[in-house]
Amino acid sequence: MKTSTFLISISLATIVGLNVCSACHHQQADHAIFKQKALDCTFTQNNQRLIENEEQHKSSTLDSLSHPYGIINLSVSNMRASASFSSEMLTQGLLGMPVRILSHSKKWYHVEMKDGYKIWCHPTGIHPVDSTTLAQWNHAKKIMVTAIWGQCFTHPQCGCQPISDVVAGDRLRYLGEKGRFYIVSYPDGRSGYLPKQLGMLESEWRNKIKKTGSAIVETARSVYGVPYLWAGTSPKGFDCSGLVQWSYRMHGIELPRDAYQQATIGQSHIKIAPKCHNLLPGDLIFFGRAATDSLPEKISHVAIYMGNERFIHSQGDVHISSFNPKSPVYDAFNYNRRLFAGRIIANKNK
């Protein structure tokens with residue numbers, strides 16, 4: 001259903017060289033950037049920059065459907081079932097992701113995401129654009145954020161006034177470099193300075209893609225301990241299928257949003273052998289209710305297989321469990337409801 005313009009350069013690449021701790025939430029690429037330092041910029045300079053950025057940011061919410069596309073304009077934009085903050089959150093979008101605008105109501109945008117989700121987004125989270133501007137964004141040099149979490153600043157000074165936070169998978173337009181910072185711009189035109197240790201040029205990132213099961217497992221491990229969040233698909237919180245989608249997306253592989261959809265991709269319905277000896281790292285394991293004479297199969301959970309009967313998943317938080325009863329992380333609940341496995345990449349470890 002999407003036009004060729006909408007499809008240009010939308011997919012994300014692999015996560016490479018995470019400079020973060022994998023044992024806690026809100027990991028940092030460089031702990032020092034979050035310490036307060038003496039500011040190089042004066043209060044007047046900072047205040048003026050913030051006013052200019054705020055004016056650009058607000059003006060983007062007034063656009064109309066003369067702009068049939070949009071670009072996610074927050075580090076993580078929460079997408080909802082209807083045009084209200086009290087409505088159920090269904091999924092999330094990451095900074096720099098294009099969407100198609102279908103309609104608007106009460107100043108909210110009804111949009112379609114690349115994975116097919118049709119949801120509502122508050123104007124703060126999206127910058128409307130026409131097809132020409134979208135094509136320019138897609139073809140522009142961009143920085144891919146590789147650190148789990150960080151901040152973009154108004155000046156090339158860590159500890160200066162931040163413009164926003166960023167998370168792994170976000171994309172910002174590359175404008176140049178100044179010392180230890182990239183000069184970047186947001187979809188709505190705001191500009192700032194991103195510490196280089198938080199990301200790299202998208203082209204360099206793509207060249208370092210590792211489409212192996214082991215690499216995908218390590219990406220999932222990098223967000224160990226992040227809390228479970230219903231509809232979460234970002235390092236700010238994951239549901240089970242959101243963790244799978246994000247982990248594969250960081251390696252240039254786009255998967256459907258929900259677990260039952262992910263079960264249809266690649267080699268599906270692999271019977272799990274004793275001690276999982278036929279599974280490979282990076283395989284997906286699906287859980288739920290097996291089909292009966294009166295009820296259909298129902299998939300309600302998904303995890304990433306790690307090897308050695310262990311798997312990583314988001315349930316309460318992102319953690320590692322085991323099918324081995326002798327393991328200290330044995331998960332009897334999920335062992336008793338496992339259904340089958342799926343394989344996305346045929347040769348994962350090559």
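This note goes through the overall make-up of a predicted model, then a pair of packed helices, and then several individual residues.

1. Overall make-up. The chain of this predicted model contains eight helices and 22 strands. Of its 350 residues, 55% count as buried, and the chain exposes about 15100 Å², of which carbon and sulfur atoms supply 52%. Where contacts in the chain join residues at least 6 apart in sequence, 64% of them link residues at least 24 apart.

2. Geometry of the H5 and H6 pair. Helix H5, spanning residues 213-221, packs with helix H6, spanning residues 240-249, at an angle of about 125 degrees, and their axes lie 9 Å apart. The two helices are therefore oblique to each other, since an angle between 115 and 145 degrees falls outside the roughly perpendicular and roughly antiparallel ranges. The crossing in which H5 passes H6 is right-handed.

3. Residues at the H5 and H6 contact. On the H5 side the contact involves Ile216, Thr219 and Ala220, and these meet Trp246, Ser247 and Tyr248 of H6. Sorted by class, the contact of H5 with H6 comprises four nonpolar and two polar residues, with no charged residues.

4. Burial of H6. Why can H6 be described as largely enclosed by the rest of the structure? The reason is that 10 of the 10 residues of H6 are buried, which here means that each has under 20% relative accessible area. The buried residues of H6 include Cys240, Gly242, Leu243 and Val244, and also Gln245 and Arg249; Trp246, Ser247 and Tyr248, which take part in the contact with H5, are likewise among the buried residues of H6.

5. Burial and surroundings of H5. In H5 the buried residues are Gly213, Ala215, Ile216, Val217, Thr219 and Ala220. Besides packing against H6, the buried residues of H5 pack against three strands, namely E19 (298-307), E20 (310-315) and E21 (317-322). Ile216, Thr219 and Ala220, listed among these buried residues, are also the H5 residues that meet H6.

6. Two partly exposed residues. Serine 203 belongs to helix H4, which covers residues 202-207, and with a relative accessible area of 46% serine 203 is partly exposed. The C-alpha atoms of serine 203 and lysine 142 are 8.1 Å apart in space, although 61 residues separate the two in sequence. Leucine 102 sits in strand E4, residues 98-105, and is also partly exposed, at a relative accessible area of 36%. From leucine 102 to isoleucine 119 the C-alpha to C-alpha distance is 9.6 Å, with a sequence separation of 17 residues.

7. Two loop residues with positive phi. Most residues other than glycine have a negative phi, and a reviewer may wish to look at two positions with this in mind. Lysine 275, in the loop between strand E17 (267-270) and strand E18 (284-289), has a positive phi near 60 degrees. Asparagine 308, in the loop between E19 and E20, also has a positive phi near 60 degrees.

8. Accessibility of those two residues. Are lysine 275 and asparagine 308 buried or exposed? Lysine 275 counts as exposed because its relative accessibility is 67%, and asparagine 308 counts as exposed because its relative accessibility is 68%, the cut-off for exposed being over 50%. The strands that flank the loop of asparagine 308, E19 and E20, are among the elements against which the buried residues of H5 pack.

Note on methods:
Residues are numbered from 1 along each chain as its sequence is written. This is a predicted model: local features need pLDDT of at least 70, side-chain atom pairs count only at pLDDT 80 or more; totals for chains, interfaces and linings use all residues. Side-chain values use heavy atoms; hydrogens and water are left out. Helices (H or I, at least four residues) and strands (E, at least two) are DSSP runs, numbered from the N terminus. Buried means under 20% relative accessible area, exposed over 50%, partly exposed in between (1.4 Å probe, protein chains only). Contact means heavy atoms within 4.5 Å. Accessible areas come from the Shrake-Rupley method with a 1.4 Å probe; for residues, only the protein chains shown count as cover. Axes are lines fitted to C-alpha atoms, for helices over the stretch in contact, and angles run from 0 to 180 degrees between N-to-C directions. Angles under 35 degrees count as roughly parallel, over 145 as roughly antiparallel, 65 to 115 as roughly perpendicular and the rest as oblique. A crossing is left-handed if the near helix is turned anticlockwise from the far one by less than a right angle, and right-handed if clockwise. Ala, Val, Leu, Ile, Met, Phe, Trp, Tyr, Cys and Pro count as nonpolar, Asp, Glu, Lys and Arg as charged, and the others, Gly among them, as polar.
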